[in-house]
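Me: I'm new to this one and would like a close look at a single part. Could you walk me through it in plain words?

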Amino acid sequence: MNEIALLEWVRGTGFQIATVVLVAGVIIRIFEILMLGRKKNLAEAKGSEFSSGMRTIVSRSVPESDSFKRSAFTIVAGYIFHIGLFVTIFLFAPHILLISELTGLGWPALPTPIVDAVAVLSIIALLAILVHRFNNKILRYLTTPGDLFIWFVTIAPLITGYIAFHRIGMSGPMLLAVHILSVELLMVVLPFSKLTHVFTIFMARWYNGAISGYRGGQS
């Protein structure tokens with residue numbers, strides 16, 4: 001298979017397979033969570049589940065002062081990475097064009113130099129997180145091969161995308177094919193790993209807040 005054939009495959013059949021696995025996998029995972037259910041609460045409600053759940057979604061998105069003091073590096077690096085990844089995926093003009101072709105939806109893009117700089121910051125943040133993990137005895141002990149694999153499939157699209165945009169090392173079609181393959185690998189792995197939190201984190205936060213609100217407490 002030559003470069004052009006590989007690129008056509010990853011943009012066609014490969015992307016279709018990855019999309020089906022991603023969508024089906026996420027639906028199944030969310031269905032499994034919902035099927036767990038919860039015992040009926042026989043106590044009288046002392047507060048609003050909905051408002052408490054929504055409040056918890058917001059409050060848990062902002063680190064508490066005590067948590068920040070204990071893990072300032074991890075929190076800052078994590079925010080840089082997550083914000084940077086969002087900007088790179090959803091505010092880069094070629095990505096918006098792809099989303100528009102698939103869904104018909106579109107929005108203004110950030111200037112390319114800004115997205116490029118943000119992508120570099122995200123890569124640096126992920127590398128720093130890995131170094132920090134190995135320099136910390138407890139985190140190093142808790143790190144599994146699966147954690148390292150998740151780190152790899154997360155950073156790979158950023159690195160391959162940066163290399164493809166700047167046309168470093170290989171031909172344009174091969175660079176683009178490798179970048180798309182790395183994205184498809186992330187799509188396939190996401191529903192079956194810790195990365196599922198992309199779709200479940202706000203659901204979990206709302207649930208915790210709703211339970212506390214029903215009992216009249218705060219989460």
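How many residues does helix H1 have, and how far does H1 reach from its first C-alpha to its last?

Reply: Happy to. A quick note before we start: this is a predicted model, where local features need pLDDT of at least 70, side-chain atom pairs count only at pLDDT 80 or more, and totals for chains, interfaces and linings use all residues. Residues are numbered from 1 along each chain as its sequence is written, and side-chain values use heavy atoms, with hydrogens and water left out.

Now to H1. H1 covers residues 3–36, so 34 residues, and reaches 47 Å, close to the 50 Å expected at 1.5 Å a residue (that is 1.5 Å times one less than the number of residues). Helices here are DSSP runs of H or I with at least four residues, numbered from the N terminus. The chain has 10 of them and zero strands.

At the N-terminal end of H1, Asn 2 acts as a cap, with a side-chain oxygen 3.2 Å from the backbone nitrogen of Ile 4. Further along, H1 has a kink of about 40 degrees centred on Gly 14 (the angle between axes fitted to the seven residues ending there and the seven starting there). Gly 14 is also buried, and so are others in H1, including Leu 6, Val 10, Ala 18 and Leu 22 (buried means under 20% relative accessible area, with a 1.4 Å probe and protein chains only).

H1 also has a partner: its axis and that of helix H9 (residues 172–189) come within 9 Å and cross at roughly 15 degrees (axes are lines fitted to C-alpha atoms over the stretch in contact, with angles from 0 to 180 degrees between N-to-C directions). H1 and H9 are therefore roughly parallel to each other, a label for angles under 35 degrees.

Note on methods: Helix = DSSP H or I, 4+ residues; strand = E, 2+ residues; numbered from the N terminus. Buried < 20%, exposed > 50% of the residue type's maximum accessible area, 1.4 Å probe, protein only. Polar contact = N/O pair within 3.5 Å; in protein donor to acceptor, adjacent residues only side chain to side chain. Parallel < 35°, antiparallel > 145°, perpendicular 65-115°, else oblique.
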